[in-house]
Amino acid sequence: MAEQTESLTELLSNPRTKWNADIYGDRYEQYFLPLKDKPLKILEIGIGGYEDPFSGGDSLRAWKKYFPNAMIYGVDIVNKKALEEDRIRTFQGSQDDASFLKQVTAETGPLDIIIDDGSHHNAHVIKTFKLLFPALDDNGVYVVEDTHFSYVPGSTNGNIPPHWAKYGGSLNLNDPATAVNFFKRLVDCLSHQEFLNPDYKANYFDLHIVGIHFYRNQIFILKGDNTAPGNFCENNTLRPEWLKSMGVESVAELKLEFPVIDDPTVI
């Protein structure tokens, strides 16, 4: 009888591996169980162990054990080559470095799962997603962990702030510079076909994000084909049947003012 693989909750329960390991593990199990025996390529940003080159790698080993046919890649600002083993490879560099990430994906090829458990700086999280989401294969899953840093503001008491107060969070729940608000913006991409805005041009996220699932401290972004036609609009203008029902032949007759819609892919 084949040995039963531990659940991801059990594998991630090492306190050095993940915050909120119990709830993270349960969620990961929901998304990853159907994928566990596939020959995947998985990239995790953030290897752990801080400045010690011989420490960390617990989650990389957890992914390796759970996914028996997967290749596991890790990125860290510290050289973690000492943690490499069969089916685990590491890259040293910053997730804020576009050239470095491009080099990583050139070597790995398209990825099936990307997990950002790196610096947790809001600006880094946003930039990394913009750079790496295109490297995710269709039907891939991109995960951002520890999004509570969106809500932790910088220190303002005049002293040297602790490290946790340097992540670019905000007390303003609508601050567009936080990671949570960036991903809230991307929810609109799911329905880009319905934007009534005749000059609108669909961007990469519009065309390739098919789901965004928000949980406490964790966000899952699902990649696929989001090019199906809209129900209300065609080419971002009202369908003829809706125009006819309003007694007009074109949207121009409605004299609407169309706002400029930002492009969330811009780095």
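## Exercises on cysteines, strands and cores

Cys233 is buried, with a relative accessible area of 1%; here buried means under 20% relative accessible area, exposed over 50%, and partly exposed in between (1.4 Å probe, protein chains only). The model is predicted, so local features need pLDDT of at least 70 and side-chain atom pairs count only at pLDDT 80 or more, while totals for chains, interfaces and linings use all residues. Residues are numbered from 1 along each chain as its sequence is written, and side-chain values use heavy atoms, with hydrogens and water left out.

### Exercise 1: the cysteines

Find how many disulfides the structure holds, and work out why Cys189 has no bond to the closest cysteine sulfur.

*Solution.* Start with the criterion: a disulfide is a pair of cysteine sulfur atoms within 2.5 Å. Next, take the sulfur of Cys189: the closest cysteine sulfur, in Cys233, is 16 Å away, which is too far for a bond. Cys233 is accordingly in no disulfide, and the structure holds zero of them. Finally, check the surroundings: Cys189 is buried as well, with a relative accessible area of 0%.

### Exercise 2: strands S1 and S4

Helices (H or I, at least four residues) and strands (E, at least two) are DSSP runs, numbered from the N terminus. Determine which strands pair with S1, and which strand follows S4 through helix H5.

*Solution.* Two strands pair if DSSP finds at least two bridges between them. Begin at S1 (residues 41-45): five bridges join S1 to strand S2 (residues 71-76), and the two run parallel. Within this pair, Glu44 stands opposite Gly74. Four bridges join S1 to S4, again in parallel, with Ile42 opposite Ile113 and Ile45 partnered by Asp116.

Now move on to S4 and S5, which run parallel and are joined by five bridges. One of the partnerships here is Ile114 with Tyr142. The chain passes from S4 through helix H5 (residues 122-132) to S5 in a right-handed β-α-β crossover. Right-handed means that, with the strands pointing away from the viewer, the path from the first strand over the helix to the second runs clockwise. S1, H3 and S2 also make a right-handed β-α-β unit.

As a last step, look at burial. Four of the five residues of S1 are buried, so S1 is largely enclosed by the rest of the structure. For S4 the count is six of six, so S4 is largely enclosed too.

### Exercise 3: buried or exposed on helix H5?

Decide whether Ala123 counts as buried or exposed, and give the separation of its C-alpha atom from that of Glu44.

*Solution.* Ala123 lies in helix H5. Its relative accessibility is 52%, so Ala123 counts as exposed. The C-alpha atoms of Ala123 and Glu44 are separated by 18 Å, with these positions 79 residues apart along the chain.

### Exercise 4: the cores

Name the residues that touch the most other members of the largest nonpolar core, then list the contacts of Tyr142.

*Solution.* A nonpolar core is a set of buried Ala, Val, Leu, Ile, Met, Phe, Trp, Tyr and Cys residues joined through side-chain atoms within 4.5 Å. The largest has 28 residues, of which Phe129, Tyr142, Phe183, Leu186 and Ile221 touch the most other members. Contact means heavy atoms within 4.5 Å. Leaving out residues up to four places away in sequence, Tyr142 touches Ile114, Asp116, Thr128, Phe129, Leu132, Phe133, Leu136, Ile219, Phe220 and Ile221. A second, separate core has 27 residues, including Tyr31, Ala62, Trp63 and Ile88.
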